[in-house]
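Biologist: I'm new to this one and would like a close look at a single part rather than a quick tour. Could you choose a part, go through it slowly, and then show me how the rest fits around it?

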Amino acid sequence: MTVTNRNQIDSFVGDDGAVIRELASPHNSLLSRHSLAEIRHPPGTASREHRHTEAEEVYYVLEGQGCVCVDGEIHDIGPGDVVVIVPGQRHKVCQEGDGDLVMLVTCVPAYSVEEVAF
């Protein structure tokens, strides 16, 4: 078992402008099969449409407003919403409104750049 505070984990800015904090993954914890990240989309940012070849992905919205487009279907999202994405589904997240869109994101198997297709 490990206990880590999110403030002890450095964040980085992705190519899309999102601020990403990898909270737990095979790279920084005892996990071997899944990953958990905090992703913060500042105003005006959006992820690049992509799909995962292997990973199931779940977004849990903590703060802010936005929309998610999954296989061409657009849904508004906000605090408390859960988005489930299965392998092969094309998806994209967009921040909307004034504040950051903040989500917890989990992937099983763990997030890996190699299994993401743009």
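Modeller: One term before we start: a residue is called buried when its relative accessible area is under 20%, exposed when that area is over 50%, and partly exposed in between. Also keep in mind that this is a predicted model.

Let's take strand 8 as our part. Strand 8 shows two faces: Val83 and Ile85 sit on the covered one, while Val82 and Val84 sit on the uncovered one. That fits a familiar pattern. In a regular strand the side chains alternate between the two faces of the sheet.

Now, where does strand 8 sit? Six strands make up an open sheet, ordered 1-2-3-10-5-8, and their pairing is antiparallel. Strand 8 stands at one edge and strand 1 at the other; each has a single partner strand, so one side of each is left without a neighbour in the sheet. For strand 8 that partner is strand 5: the two run antiparallel and are joined by 4 bridges. To see one of these contacts for yourself, find Tyr60, whose bridge partner in strand 8 is Val82.

Right beside Tyr60 in the sequence is Tyr59, and that residue takes us inside. Setting aside neighbours within four places in sequence, Tyr59 is in contact with a whole run of residues around strand 8, including Asp81, Val82, Val83 and Ile85. Other contacts of Tyr59 include Val68, His91, Val93, Met103, Leu104 and Val105.

Several of those names come back in the largest nonpolar core. That core has 15 residues, and Tyr59, Val68, Ile77, Val93 and Met103 are the ones that touch the most other members. Strand 8 is among the suppliers: along with strand 3, strand 5 (56-63), strand 6 (65-70) and strand 10, it gives at least two residues. The biggest giver is strand 10, with 3 residues.

Strand 10 is worth following a step further, since it leads to the other half of the sheet. Strand 10 (residues 101-108) and strand 3 run antiparallel and are joined by 7 bridges. Look for Leu36, whose bridge partner in strand 10 is Thr106.

On strand 3 we meet some charges. Side chains of opposite charge can pair when their charged atoms come close. The structure holds 4 salt bridges. One is between the side chains of Arg6 and Glu38, 2.9 Å from N to O. Arg6 is in the segment before strand 1 (12-13) and Glu38 is in strand 3 (residues 35-41), so this pair links parts of the chain 32 residues apart. Glu38 also has a salt bridge with Arg21, with the closest N and O atoms 3.6 Å apart. Arg21 belongs to strand 2 (residues 19-24), so this second pair ties together parts 17 residues apart in sequence. Put together, Arg6, Arg21 and Glu38 form a network of salt bridges.

How buried or exposed are these three? Glu38 has a relative accessible area of 7%, which means it is buried. Arg21 is buried too, at 14%, whereas Arg6 is partly exposed at 30%.

Another salt bridge brings us back to the neighbourhood of our chosen strand. Arg90 and Glu49 meet through their side chains, 3.6 Å from N to O. Arg90 is in the loop between strand 8 (82-85) and strand 9 (91-96), and Glu49 is in the loop between strand 3 and strand 4 (51-52), 41 residues away. Both are partly exposed: Arg90 at 38% relative accessibility and Glu49 at 35%.

Finally, let's step back to the whole chain. The protein has 0 helices and 11 strands. Its radius of gyration is 14 Å, close to the 13 Å given by the globule rule for 118 residues, so it is as compact as a globular protein of that length. The C-alpha trace spans about 40 × 30 × 25 Å along its principal axes. Buried residues account for 36% of the 118. And among contacts between residues at least 6 apart in sequence, 62% join residues at least 24 apart.

Definitions and conventions. Residues are numbered from 1 along each chain as its sequence is written. This is a predicted model: local features need pLDDT of at least 70, side-chain atom pairs count only at pLDDT 80 or more; totals for chains, interfaces and linings use all residues. Side-chain values use heavy atoms; hydrogens and water are left out. Buried means under 20% relative accessible area, exposed over 50%, partly exposed in between (1.4 Å probe, protein chains only). Two strands pair if DSSP finds at least two bridges between them. A nonpolar core is a set of buried Ala, Val, Leu, Ile, Met, Phe, Trp, Tyr and Cys residues joined through side-chain atoms within 4.5 Å. Contact means heavy atoms within 4.5 Å. The radius of gyration is taken over C-alpha atoms; the globule rule is 2.2 Å times the number of residues to the power 0.38.
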